[in-house]
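Colleague: Could you take a close look at one part of this model for me, the loop between the two helices, and set it against the chain as a whole? I would like the terms explained along the way.

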Amino acid sequence: MVLKPPEGMALLEVPVQDLKRFVQETEALVPRGSESERTDSDVLLRHLLAEG
């Protein structure tokens with residue numbers, strides 16, 4: 001997996017079975033499409049703006 005933010009780059013190597021298990025466990029906790037039900041965008045935005 002390659003991450004390319006505006007500054008720099010990171011290459012992450014993970015065994016595919018570990019990544020698959022992580023995704024499956026994550027989806028069991030937060031099913032696809034339900035993310036917005038579990039996140040308060042206003043609180044998150046206030047937090048991000050406060051750090052700036």
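Modeller: Let me begin with the whole chain: the protein chain has a radius of gyration of 15 Å, whereas a compact globule of 52 residues would have one near 10 Å; the radius is taken over C-alpha atoms, and the globule rule is 2.2 Å times the number of residues to the power 0.38. This is a predicted model, in which local features need pLDDT of at least 70 and side-chain atom pairs count only at pLDDT 80 or more, while totals for chains, interfaces and linings use all residues. Residues are numbered from 1 along each chain as its sequence is written, and side-chain values use heavy atoms, with hydrogens and water left out.

Along the principal axes, the C-alpha atoms of the protein chain fill a box of roughly 35 × 30 × 15 Å. Two helices and two strands are found in the protein chain, and from the N terminus on they follow the order β-β-α-α; helices (H or I, at least four residues) and strands (E, at least two) are DSSP runs, numbered from the N terminus. Buried residues account for 2% of the 52 residues, where buried means under 20% relative accessible area, exposed over 50%, and partly exposed in between, with a 1.4 Å probe and protein chains only.

Now to the loop, which runs between α1 (16–29) and α2 (41–51) and holds S34. S34 counts as buried because its relative accessible area is 9%, and its side chain reaches the backbone oxygen of P31 at 2.7 Å. That is a polar contact, meaning a pair of N or O atoms within 3.5 Å; within protein, one must be able to donate a hydrogen and the other to accept it, and residues adjacent in sequence count only if both atoms are side-chain atoms.

D40 also lies in the loop between α1 and α2, but D40 is classed as partly exposed because its relative accessible area is 46%. At the start of α2, a side-chain oxygen of D40 comes to within 3.2 Å of the backbone nitrogen of D42. Looking the other way along the chain, D40 and K20 are 20 residues apart in sequence and 27 Å apart in space, C-alpha to C-alpha.

What follows the loop is α2, and since zero of the eleven residues of α2 are buried, this helix lies largely in the open.
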